[in-house]
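Dear colleague,

Please find below the structure I promised to hand over, together with its sequence. My notes on what was found in it follow underneath.

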Amino acid sequence: MKKMYNVDKEERKLLNRMIWRSGLLQGSFNMVRMQGFGYLYSLLPAIEHYYKDDKEKQIAAMQRSSSFYNSNIPFSTFVMGLNIAMEKQKSENYESIDDQTITSLKTSLMGPLAGIGDSFMFNTVRIIAAGIGVSLATQGNIFGPLLFLAIYLATFYLIKINFAYLGYTMGDSFIDKLFQGGLLKKVTQAASIIGIVMVGALVSQMVDVKILSEVKFGESVISFQSIFDSILPGLLGLLIVLGCRTCIKKGVKPLVLVLAIMLLCVLFAALGVV
Amino acid sequence: MVAQALIVSLVNFLVCWIDNILGTQIFIRPLVVSTITGALLGDLHTGIVMGAALEAMYMGFSSIGGSIPVDPNSGSVLAVSFAILTKADMDTALALSLPIASAVNLVSLLVVTVSSMLEPFFTRLINEGKMKQFSIAHQVVNAVLMTLPYYIVIFVGIAFGIQHLESFIALLPSYVIHGMEVAGGILPGVGFAILLNMIWTKEIAVFFFAGFVFSRFMKLPTFAIVIMAATIALSVYFFANQPAPAVAVPSNDDKEDFFQ
């Protein structure tokens with residue numbers, strides 16, 4: 001971080017404390033402010049530092065920092081870094097930025113960052129990490145869970161730390177660049193291609209059914225399983241997953257789907273099909 | 001079983017607590033907690049293998065923004081404990097995991113209700129400018145309210161619930177148990193389906209089948225599949241930047257003439 005960003009020692013200390021404390025963003029999650037108190041908790045060292053001589057201003061900063069907030073945890077450090085930069089400017093010239101500007105900037109950024117952050121962290125990074133981790137773990141390999149953790153955590157901290165510094169140093173011009181160039185969309189698209197390939201591989205490894213039923217053609221006995229296998233090994237698993245996806249797309253609740261599958265399996269087992 | 005229950009719930013509580021402090025939301029995933037629980041109960045192998053299946057099953061469930069209908073963490077800890085302590089079949093334990101996880105999830109309703117009731121208390125600390133007290137309150141609420149209740153449920157579940165579950169399952173006819181085993185092999189598919197539904201677009205759907213073929217037909221090891229996937233993603237990314245060839249336009253017109 002030393003050479004990449006033009007930040008002095010004092011500022012770096014404040015930003016690093018914010019990065020550390022922002023882990024607890026959901027620490028007192030509630031339906032009124034959602035992560036609002038966690039947001040304030042992350043900014044507290046900066047507020048204490050910038051308004052250390054004036055209790056009134058400290059309280060005002062605490063109040064505006066604890067407004068409603070809800071977003072993705074690692075991506076949030078960007079908003080917080082930007083917010084700290086604004087608080088710093090405000091502490092130097094109190095009239096230069098009004099409360100409304102800070103609150104509205106925060107509120108306008110949290111939505112898009114939540115959308116991008118959640119889909120990037122959970123639908124992409126975690127799928128890639130799980131794709132590697134799960135397929136090793138099915139063989140009982142301890143590197144499965146370890147790599148799962150390592151891949152995710154490395155990405156997590158790379159984003160979390162850099163976004164804090166980017167927010168602080170570049171401000172919202174960075175967000176404009178990200179959206180205008182369409183860079184982020186392309187990165188997310190490329191990453192979701194990796195994700196969907198991994199899901200395809202995982203489906204072939206983990207979803208399987210064996211059909212026991214047989215048909216008799218005179219003397220010869222043909223099992224259904226061998227018919228399916230001759231068309232495409234793992235075809236049934238593939239069809240089940242695609243069928244489930246269609247159901248979910250049509251609005252069937254996943255838990256209903258799970259119960260239906262369990263009931264059908266018991267039924268088919270009773271009939272001797274599976 | 002009380003001793004094992006205590007160890008499993010205590011260690012998993014600490015893991016979840018650390019995860020909450022770091023904000024990583026990854027140490028509480030089924031693959032990690034199943035491995036930890038397996039190691040604590042003396043059967044690391046079962047823990048890892050079940051962790052893989054549970055991770056697959058819950059993969060889609062947890063990413064639906066905010067409203068999670070199940071608690072994958074306790075569903076995994078309890079399923080692995082059940083499989084190891086009663087030597088039950090892994091697939092049966094897997095099938096039992098989801099109903100358990102959705103039952104334990106009721107705890108989260110309680111937790112959020114109580115934390116919402118604490119909102120005026122936090123607001124008062126802010127209005128009075130009590131920074132230290134605010135920080136401490138935030139940390140305490142995280143540990144005691146947001147984390148601990150789930151592990152009390154897990155402790156009770158392992159200490160007193162598992163035997164009853166075992167004797168209940170012993171009463172079931174064998175085809176029910178076999179059906180649940182089969183269901184255990186299919187349920188990861190529901191997790192994948194939720195996930196697919198989120199990332200599926202017409203443009204990239206074909207790569208899902210590519211992944212299936214890489215693994216099933218070509219029997220590529222996982223790392224090879226990752227590299228293939230990255231290759232595809234990067235080439236799509238690079239070629240998407242190229243300007244569209246100009247030839248496409250006249251040929252399109254031909255088509256229209258042809259159909260008219």
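Please keep in mind throughout that this is a predicted model. I begin with Thr35(B), which lies in helix 2 of chain B, spanning residues 30–40, and which counts as buried because its relative accessibility is 8%, where buried means under 20%. Leaving aside residues up to four places away in sequence, Thr35(B) touches Ile142(A) and Pro145(A) as well as Leu44(B), Gly47(B) and Ile48(B).

Between the chains, helix 2 of chain A (residues 36–50) and helix 8 of chain B (residues 131–171) have axes that come within 10 Å and cross at roughly 145°, and the crossing is left-handed. Chain A contributes residues including Phe37(A), Tyr41(A) and Glu48(A) to this contact, while helix 8 of chain B contributes, among them, Met131(B), Phe134(B) and His138(B); by class, the residues of the contact divide into 7 nonpolar, 4 polar and 1 charged. Phe37(A) and Phe134(B) also belong to one aromatic cluster with Phe121(B) and Phe122(B).

Over all chains, the structure holds 17 aromatic pairs. One of them is the tilted pair of Tyr39(A) and Tyr69(A), with 4.6 Å from centre to centre and 45° between the planes; since Tyr39(A) lies in helix 2 of chain A and Tyr69(A) in the loop between helix 3 and helix 4, the pair ties together parts that are 30 residues apart in sequence. Both tyrosines, Tyr39(A) and Tyr69(A), are buried.

Finally, two charges sit over rings: Lys57(A) lies over the face of Tyr94(A), at 4.4 Å from the ring centre, and the charged end of Arg245(A) sits over the ring of Trp200(B), 4.2 Å from its centre.

With best regards

Note on methods
Residues are numbered from 1 along each chain as its sequence is written. Chains are lettered from A and ligands numbered from 1 in the order in which they are written. This is a predicted model: local features need pLDDT of at least 70, side-chain atom pairs count only at pLDDT 80 or more; totals for chains, interfaces and linings use all residues. Side-chain values use heavy atoms; hydrogens and water are left out. Helices (H or I, at least four residues) and strands (E, at least two) are DSSP runs, numbered from the N terminus. Buried means under 20% relative accessible area, exposed over 50%, partly exposed in between (1.4 Å probe, protein chains only). Contact means heavy atoms within 4.5 Å. Axes are lines fitted to C-alpha atoms, for helices over the stretch in contact, and angles run from 0 to 180 degrees between N-to-C directions. A crossing is left-handed if the near helix is turned anticlockwise from the far one by less than a right angle, and right-handed if clockwise. Ala, Val, Leu, Ile, Met, Phe, Trp, Tyr, Cys and Pro count as nonpolar, Asp, Glu, Lys and Arg as charged, and the others, Gly among them, as polar. Rings of Phe, Tyr and Trp (its six-membered ring) pair if their centres lie within 6.5 Å; planes under 30 degrees apart count as stacked, over 60 as edge-to-face and the rest as tilted. A charge sits over a ring if NZ of Lys or CZ of Arg is within 6 Å of the ring centre and within 35 degrees of the ring normal.
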